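Work through the exercises below with the model open in a viewer. Each task is followed by a stepwise solution.

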Amino acid sequence: MKIVAFKIEGNGIYAQDVPAFAEAIKGAQADVVLVPGNSRVKRAMPAAACRAGAEIDTNVVELAIEGDKVTASRWAYRQRILVKFSRAARPWVIVTDPALFGEICAKAGVTAAELPAGAAAATRTTTNGVVAAGNGGESTIKPDAQLLFVAGAGWTKKQADGALHLEDAAATIKDFLAKSGASLGSSKSLVDMPEAAAALTFMSHMNQVGQTGSTPRHAKGLATCCHGEEPHVVGWRFINERRAVNLDANCGWAQGKADVLYVADAFAVTKKVAELLG
Ligand SMILES: Cc1cc2nc3c(=O)[nH]c(=O)nc-3n(C[C@H](O)[C@H](O)[C@H](O)COP(=O)(O)OP(=O)(O)OC[C@H]3O[C@@H](n4cnc5c(N)ncnc54)[C@H](O)[C@@H]3O)c2cc1C
């Protein structure tokens with residue numbers, strides 16, 4: 001039983017990644033190929049596995065190896081059922097949950113290697129450079145970030161001094177994002193607010209998390225100035241470690257929806273954390 005793991009990070013170009021990954025799978029001559037399920041891998045690896053004649057499964061959270069038998073586990077039916085399954089076909093590409101890649105490799109007794117140099121097969125695509133698309137500025141949605149930072153409508157509400165602090169809110173959130181590298185999520189109330197759209201120009205409906213928004217998969221989440229109502233929190237179903245900062249000790253997060261609720265002013269807390277991050 002030969003198991004090989006590849007460390008694949010950063011951004012790639014689909015047209016170049018597919019042949020490169022396919023060559024790496026073929027060249028490894030392994031029974032099982034382990035890769036981390038980041039957005040780059042999820043985009044190109046299925047096509048690469050198909051090209052290499054391999055079987056592929058994604059979102060694997062655990063691997064058990066007994067002799068020649070490999071059993072993988074993944075959640076199904078919205079995290080309600082943990083399915084254990086095996087495949088006879090080889091090679092078998094197993095895409096792990098990105099946060100569990102290191103742990104799964106360690107249990108399998110393999111060290112993740114870089115992709116072999118020159119693995120890229122001939123392609124007619126040449127890249128002269130990367131041109132920023134549109135004029136939307138830097139993207140605040142980062143699927144591979146460790147932390148999801150959610151901003152709620154409270155950032156645009158009157159504060160203790162009876163005044164609005166929209167510019168301060170925008171600067172504080174931007175500073176925190178720059179220093180933490182977190183991905184920015186939002187509540188529906190905030191992205192629907194015209195005054196927020198004018199002040200928080202780095203945010204759009206694309207940031208909305210929840211029932212009618214997105215369901216991101218970051219390892220950790222921090223909600224600020226967000227009440228934690230069910231239609232919002234349902235979008236957190238894949239986020240296991242949850243914390244929230246809210247002035248209201250009875251907000252939704254306090255009703256079993258967060259692990260830790262800091263009853264505090266999110267303006268002050270976010271500024272302080274950004275300051276500590278340096
Ligand atoms: C069919 C349907 C679908 C929906 N889909 C979604 C969805 O996809 N996503 C979504 O988010 N919502 C959705 N909603 C709306 C949802 O029910 C809530 O109305 C919304 O999430 C509330 O947003 P909020 O918590 O940011 O705002 P608010 O409810 O206004 O809460 C603001 C919070 O900020 C706090 N606050 C104020 N100032 C501070 C401060 N200085 N420091 C700390 N805390 C402070 C307040 O205590 C308050 O808890 C949906 C609703 C319906 C009916």
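**Exercise 1.** Find which helix gives the largest share of the shell around the ligand, and sort the shell residues by class.

Solution. Step 1: H5 gives the largest share of the shell, 3 residues. Helices here are DSSP runs of H or I with at least four residues, strands are runs of E with at least two, and both are numbered from the N terminus. This is a predicted model, where local features need pLDDT of at least 70 and side-chain atom pairs count only at pLDDT 80 or more, while totals for chains, interfaces and linings use all residues. Residues are numbered from 1 along each chain as its sequence is written.

Step 2: The shell holds 30 residues, and Gly152, Gly154, Ser187, Gly210 and His232 come nearest to the ligand. A residue is near the ligand if its C-beta atom, placed from the backbone, lies within 6 Å of it. The elements giving two or more residues are helix H5 (188–191), H7, strand E11 (241–246) and helix H8 (266–277).

Step 3: By class, 11 shell residues are nonpolar, 14 polar and 5 charged. Ala, Val, Leu, Ile, Met, Phe, Trp, Tyr, Cys and Pro count as nonpolar, Asp, Glu, Lys and Arg as charged, and the others, Gly among them, as polar.

**Exercise 2.** Place Gln29 and Cys225 in the chain and decide for each: buried or exposed?

Solution. Step 1: Most residues other than glycine have a negative phi, and most peptide bonds are trans. Phi of Gln29 is near 45 degrees, and that of Cys225 is about 55 degrees.

Step 2: Gln29 is in the loop between helix H1 (14–28) and strand E2 (32–36). Cys225 is in the loop between strand E10 (220–224) and helix H7 (230–233).

Step 3: A residue is buried if 20 or more other C-beta atoms, placed from the backbone, lie within 10 Å of its own, exposed if 12 or fewer, and partly exposed in between. Gln29 is exposed because it has 10 C-beta neighbours inside 10 Å. Cys225 is buried because 25 other C-beta atoms lie within 10 Å.

**Exercise 3.** Locate the cis peptide bond that involves Pro91.

Solution. Step 1: The bond joins Arg90 and Pro91, with omega about -5 degrees.

Step 2: Pro91 sits in the loop between strand E6 (81–86) and strand E7 (92–96).

**Exercise 4.** Describe the chain as a whole: how many helices and strands are there, and what percentage of residues is buried?

Solution. Step 1: The chain has 8 helices and 12 strands.

Step 2: Of its 278 residues, 37% are buried.
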